[in-house]
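Biologist: Before I plan anything around this protein, could you take me through its model, one residue or element at a time?

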Amino acid sequence: MDEAVQTMAKPRLTPLKRNYQTSVFPYFNDVDEKSLKYPKSVAYIISNEFCERFNYYGMRTILVLYLTSKLQYDKDTSTVLFHVFTMLVYLCPLVGAIVADSWLGKFRTILYLSIVYAIGGVIVSLGAVPIITLPREHVTIVGLVLIAIGTGGIKPCVSAFGGDQFKLPEQAQQLATFFSLFYFAINAGSMISTSLTPILREDVHCFGDKDCFSLAFGVPAFLMLISVVIFVAGRRLYVMKPPAGNMIFGVSQCVVEAIGGWRRNRKLDKREHWLDYAEPVVGRKMVEETKTLLKILVLFLPFPIFWALFDQQGSRWTFQATRMDGEILGFTVKPDQMQVINPFLILGFIPLFDYVLYPILSTCGIKRPLQKLTLGGLLAATAFLLSAFVELKLEMVEPELPGDMTSQLRIYNGMPCRYRFDTDLPMPDFKKETHLTSLGVWEEKNIVAPQMISYKFNAHAVDAVCPGISGELNIIPEKAVSYFIAEDRMHEFEDNPEKPKLGNPVIRVLLNVPRLQGNFSLTDSADVTTPVEVLNATQVITVARGEVILTFNDLPVVNVTARAGGAYVILANGNVRDGFNSEVHIVTQPNSVHIMWQLPQIMVITAAEIMFSITGLEFSFTQAPQSMKSVLQACWLLSVAIGNMLVVVIAKSKFFESQAAEFTLFAGLMAVDMFIFMLLAMNYKYAEPAEDVEEGDKPDSVPDPSIPPTTPRMPPPVVPHQAYTVIPSLQQQQQPQLSSPENSNLAPNLLTYSSGPEETAQRFSLASMFNTNNNRRRSTQNGISNQACDNNEQQ
């Protein structure tokens with residue numbers, strides 16, 4: 001577009017009809033938008049977003065498994081750390097938006113925080129390298145904090161910065177295309193990383209481990225470094241707008257002044273509302289809009305409960321999947337890969353809901369946003385009831401573990417003869433089992449042990465070739481004590497009947513063979529060979545699922561079919577001359593509940609996400625005054641952070657031993673929460689989108705009757721649907737309400753597609769909507785709508 005067109009006066013206006021659910025660009029210049037080239041800078045921004053989302057979701061997918069398996073945190077502590085991290089991720093956007101809008105601007109905010117973000121990713125990946133002697137726990141926490149600051153800080157800025165590259169309304173359709181590509185990059189990055197990083201974690205072996213967390217963290221960290229390079233490479237092409245202030249400060253001032261005025265003047269000057277006391281300082285307009293904001297925020301009070309349920313997909317539900325069988329037609333679904341189902345379902349459910357479910361609900365009287373929000377919350381409660389049902393099925397087949405006042409005892413006989421035990425150990429089952437056969441095992445899973453107790457025993461060999469053995473059996477509370485009879489004596493070690501933390505099978509090899517006769521090794525289905533030490537009862541080997549072979553000098557001794565979640569013991573004795581005898585025992589039964597039992601709860605929580613998240617943001621966006629949309633979206637993010645904090649509180653409190661009971665508690669909280677929400681929503685009166693007309697703008701917003709109106713070129717109308725975020729142009733928001741014929745050919749809506757596991761819940765911009773009124777007026781005069789440009793995923 002030439003210089004004359006860029007500096008032309010405001011276009012003449014054409015009256016248009018307003019609609020509650022749709023907002024359109026009501027005024028178009030008589031300029032062919034094809035004459036404006038598509039901004040080349042957009043390619044750098046989209047590539048940057050792909051790499052950033054790949055990093056975040058890849059790291060997040062495997063985080064809880066890393067905390068439990070490598071840092072040795074228990075499941076409750078890992079859940080706490082995961083949700084504290086997620087809480088920080090949703091608190092930092094508020095800081096990032098304020099910094100971008102008030103001081104640094106979007107470009108520098110994205111650049112600086114991306115560097116912090118990349119450093120955090122590198123720190124986490126280096127901390128996962130076992131050969132680097134670093135304090136793993138502290139390094140990981142520092143890295144996660146930096147990642148939370150980085151990803152949270154740039155959330156409200158990236159797509160807003162991309163929107164700044166377009167000139168509106170001339171490039172409205174090009175901007176819509178950008179947002180489609182932008183959200184495609186988000187979903188592509190998240191889905192690819194969610195599928196890939198579990199494979200890197202489990203199927204790649206590095207630094208002598210049976211997994212490779214360092215690579216699984218390192219690849220996303222490398223992509224984040226690439227994203228910084230890509231972002232900087234496009235610097236000369238970017239359109240950079242200066243910071244213009246933040247509306248949160250205005251709301252804060254209004255509340256503070258109102259409280260102060262109420263305390264000083266409530267007896268002398270009684271007013272209808274306590275916020276009215278701020279009117280002498282902030283003005284009537286700010287007071288009225290703050291009142292509207294608070295009325296909507298009351299409805300936000302129950303929202304954190306929903307996010308407390310929703311975000312447990314990455315923590316509690318992942319732990320649940322580690323105890324399930326993932327074998328499907330020869331392919332193994334890894335526990336952390338179940339998280340990729342949510343974004344896939346989102347893409348399929350959105351059109352299904354728009355064209356099938358919502359019309360059906362409309363016939364049943366469920367039309368209003370608050371009704372859909374309530375239904376979405378109840379669906380979330382249903383999802384957790386389903387997860388509680390799955391948990392009950394898992395608890396039925398869970399291995400019995402020693403409790404606070406109980407112990408377990410196992411005796412493995414590696415000798416080539418039978419033994420008869422005499423002991424004063426008070427165990428009826430032991431008295432009945434008078435003989436322990438060669439390569440056999442005896443176990444007692446529930447021995448009362450308020451404290452450590454030692455019982456004497458005498459073991460007499462039934463066959464004369466073996467000597468007798470005597471000694472003491474130690475019974476320790478909360479421990480599974482085991483003994484291995486070999487070399488004419490008892491070898492004590494601690495057993496672990498608990499399910500393996502990552503779901504992979506584990507094997508303990510107990511060899512009673514002459515030393516230095518050869519080498520024993522264990523080879524799993526991934527062709528990974530691990531040397532086996534003779535008479536080392538403490539050696540536990542994690543193997544890949546499938547066929548496992550114990551070999552002696554590369555000759556097979558015994559084969560074991562190792563299944564997910566199983567704990568096996570291979571007993572072997574003999575020598576090279578007479579051959580080797582072996583027996584396989586199962587200490588912990590492999591997973592028997594199939595992982596697809598999680599599919600119903602994932603489908604229901606995804607449906608809840610669509611009905612709650614998308615509808616909630618649409619309701620907030622349409623009901624809030626234009627100047628308050630930024631504050632409202634900030635409060636929406638704050639509700640996500642509070643929800644994760646609620647999970648932290650419940651996980652730390654440990655109200656129940658049973659995970660099924662905890663899931664049921666969350667379902668009950670969600671049901672009660674929605675009942676409270678219905679009571680709050682009953683008296684709510686829906687408002688038409690408020691006009692944001694400022695005194696100085698009104699003369700410019702009325703067409704000059706002396707000038708005949710021109711007919712702008714209008715593209716064909718676009719019919720919006722629920723799957724899209726409708727962004728009203730700022731010009732329209734600042735014009736008085738006009739009317740037009742029903743069949744008028746309206747300009748298309750500016751639509752952005754929303755998908756992905758969290759993108760559906762975070763589609764509006766903070767940085768864009770935190771602009772002051774003066775900034776909005778100035779941007780409109782330049783022919784660019786900041787509000788339209790700055791629509792952001794907030795994710």
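Biologist: In which helix is H83 found, and is H83 buried or exposed?
Modeller: This is a predicted model, and in it H83 is found in helix α3. Leaving aside neighbours within four places in sequence, H83 is in contact with D311, Q312, S315, N644, V647 and V648. Its relative accessible area is 0%, which is under the 20% cut-off, so H83 counts as buried.

Biologist: Is K270 buried or exposed?
Modeller: K270 is found in the loop between α8 and α9, where it touches N265 and Y277, not counting residues up to four places away in sequence. With a relative accessible area of 71%, over the 50% cut-off, K270 is therefore exposed.

Biologist: Which helix gives the most to the largest nonpolar core?
Modeller: That core has 132 residues, and F85 and F178 are those with the most contacts inside it. The helix that gives the most, with 15 residues, spans residues 75–127, and that is α3.

Biologist: Where does this core lie with respect to the domains?
Modeller: Residues of the core come from domain 1 (38–245) and also from domain 2 (283–397 + 592–687). Because both domains give residues to it, the core lies between domain 1 and domain 2.

Biologist: Which residues does F85 touch, and how many residues has the second, separate core?
Modeller: Not counting residues up to four places away in sequence, F85 touches Y56, M59, L63, L144, I147 and A148. The second core is separate and includes L510, A537, L550 and I570; its size is 32 residues.

Biologist: How many aromatic pairs are there, and what is the geometry of Y66 and F217?
Modeller: The count comes to 42 aromatic pairs. For Y66 and F217 the ring centres are 5.0 Å apart and the planes stand at 90°, which is over the 60 degrees needed, so the pair is edge-to-face.

Biologist: How many residues apart in sequence are the parts that Y66 and F217 tie together?
Modeller: Y66 lies in helix α2 (residues 41–69), whereas F217 lies in helix α7 (residues 213–233). Both Y66 and F217 are buried. Because the two residues sit in these two helices, the pair ties together parts whose separation in sequence is 151 residues.

Biologist: What is the geometry of F161 and Y238?
Modeller: F161 is in helix α5 and Y238 in the loop between α7 and α8, so this pair links distant parts of the chain, 77 residues apart. F161 counts as buried at 1% relative accessibility, and Y238 counts as buried at 8%. The ring centres of F161 and Y238 are 5.0 Å apart with planes at 75°, so the pair is edge-to-face.

Biologist: Over which ring does the charged end of K393 sit?
Modeller: Two charged residues can be described here. R266 lies over the face of W262, at 4.6 Å from the ring centre. The charged end of K393 is 4.7 Å from the centre of its ring, which belongs to W597.

Biologist: Where is confidence lowest in the protein?
Modeller: The mean pLDDT of the protein is 81, and 81% of its residues reach 70 or more. Over residues 690–795, however, the pLDDT is below 50, and where pLDDT is low the predicted coordinates should not be read in detail. Confidence is highest in helix α11 (residues 303–310), at 96, and lowest, at a mean of 32, in strand β20.

Terms used. Residues numbered from 1 in each chain as written. Predicted model: local features only at pLDDT ≥ 70, side-chain atom pairs only at ≥ 80, totals over all residues. Heavy atoms only, no water. pLDDT = per-residue confidence, 0-100. Helix = DSSP H or I, 4+ residues; strand = E, 2+ residues; numbered from the N terminus. Contact = heavy atoms within 4.5 Å. Core = buried A, V, L, I, M, F, W, Y, C linked by side-chain atoms within 4.5 Å. Buried < 20%, exposed > 50% of the residue type's maximum accessible area, 1.4 Å probe, protein only. Domains from an automatic or database assignment. Phe/Tyr/Trp six-rings, centres within 6.5 Å; stacked < 30°, edge-to-face > 60°. Lys NZ or Arg CZ within 6 Å of the ring centre and 35° of its normal.
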